[in-house]
Amino acid sequence: QVQGSIFVLLLAFGWIWASYNRRRQLNKIKEAIARESPKPDSATKISRKSSKSSVACQPPGVSVVLPVKGVHCSSLSNWRTLLATNYAGAVEWTFVVDSADDPAVPLVKQLMKEMEETASEVRVAVAPRATTCSQKIANQLEGMRLANPHAKY
């Protein structure tokens, strides 16, 4: 019984210590975010009461990485639906394949031609052969490497 009580006490102290460390790390993250985010001055404040503001609010840019391999009967239709977003900010779509001979490449090039008139950017990239992870992860990493550095997400 004594050993069980000691074990439970040690477990409780471990939980308390972990909670303390977690709270401390969260506070550090919040402070770092507060230091990095610029403080709005009176000219750029956006009023919550009115929808009009002195500065236009532009949503952040988004880079979407789509690792693809092969096609099926509804691939093109699915991709068109995906690209028909109503997002107001800049969107770039990077389709990443593992080979230039992939059957998805001609369809993505067709989508690129269709999307020329829109603000969205569509491109296809060929990822190098994976050596340390799965090919899908390698494709995602290649897409991230090619993503617009100004895109927030």
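The chain has four helices and three strands, where helices (H or I, at least four residues) and strands (E, at least two) are DSSP runs numbered from the N terminus. This is a predicted model, in which local features need pLDDT of at least 70 and side-chain atom pairs count only at pLDDT 80 or more, while totals for chains, interfaces and linings use all residues. Residues are numbered from 1 along each chain as its sequence is written, and side-chain values use heavy atoms, with hydrogens and water left out.

**Exercise 1. Work out the order of the elements and how much of the chain is buried.**

Step one: walk along from the N terminus, and the elements come as α-β-α-β-α-β-α.

Step two: take the 153 residues of the chain; 22% of them are buried. Buried means under 20% relative accessible area, exposed over 50%, and partly exposed in between (1.4 Å probe, protein chains only).

Step three: look at contacts (heavy atoms within 4.5 Å). Among those with a separation of 6 or more, 72% come from residues 24 or more positions apart.

**Exercise 2. Check the span of helix H4, then find which residues of H4 are buried and what they pack against.**

Step one: H4 runs over residues 135-146, which makes twelve residues. The expected span is 1.5 Å times one less than the number of residues. That gives 16 Å, and the end C-alpha atoms sit 17 Å apart, which agrees.

Step two: pick out the buried residues of H4, namely Gln-135, Ala-138, Asn-139, Glu-142 and Gly-143. Looking down the axis of H4, they fall within an arc of 140°, so they line one face of the helix. The arc here is that of the directions from the helix axis to the C-beta atoms.

Step three: turn to the face of H4 that points away from the buried side, and you meet the exposed residues Lys-136 and Met-144.

Step four: ask what the buried residues of H4 pack against. The partners are strand E1 (62-67), strand E2 (91-97) and strand E3 (121-126).

**Exercise 3. Describe how H2 and H3 pack together.**

Step one: set the geometry. H2 (residues 75-83) and H3 (residues 104-114) pack at an angle of about 40°, and their axes are 11 Å apart. Axes are lines fitted to C-alpha atoms, for helices over the stretch in contact, and angles run from 0 to 180 degrees between N-to-C directions.

Step two: get the handedness. H2 passes H3 in a right-handed crossing; a crossing is right-handed if the near helix is turned clockwise from the far one by less than a right angle, and left-handed if anticlockwise.

Step three: list who meets whom. From H2 come Leu-76, Trp-79 and Arg-80, and they meet Ala-104, Leu-107, Val-108, Gln-110, Leu-111 and Glu-114 of H3. By class, this contact of H2 with H3 has six nonpolar, one polar and two charged residues. Ala, Val, Leu, Ile, Met, Phe, Trp, Tyr, Cys and Pro count as nonpolar, Asp, Glu, Lys and Arg as charged, and the others, Gly among them, as polar.

Step four: check the buried side of each helix. In H2, the buried residues are Ser-75, Leu-76, Trp-79 and Leu-83. They span an arc of only 95° around the axis, which puts them on the same side of H2. They pack against E2, H3 and E3.

In H3, Ala-104, Val-105, Val-108 and Leu-111 are buried. Their arc is only 120°, so they too sit on the same side of H3. Their cover includes H2, E2 and E3, while the face of H3 turned away from the buried side carries the exposed residues Pro-106 and Lys-113.

**Exercise 4. Place Val-97, Ser-99 and Leu-82, and say whether each is buried or partly exposed.**

Step one: Val-97 lies in strand E2. With a relative accessible area of 0%, Val-97 is buried. Leaving aside neighbours within four places in sequence, its contacts include Val-68, Val-105, Val-124 and Asn-139.

Step two: Ser-99 is in the loop between E2 and H3. Ser-99 comes out partly exposed, at 26%. Not counting residues up to four places away in sequence, Ser-99 touches Val-105 and Val-126. Ala-127 is 28 residues from Ser-99 in sequence, and their C-alpha atoms are 7.3 Å apart.

Step three: Leu-82 belongs to H2 and is partly exposed, at 36%. Beyond residues up to four places away in sequence, Leu-82 touches Leu-66 and Trp-93.
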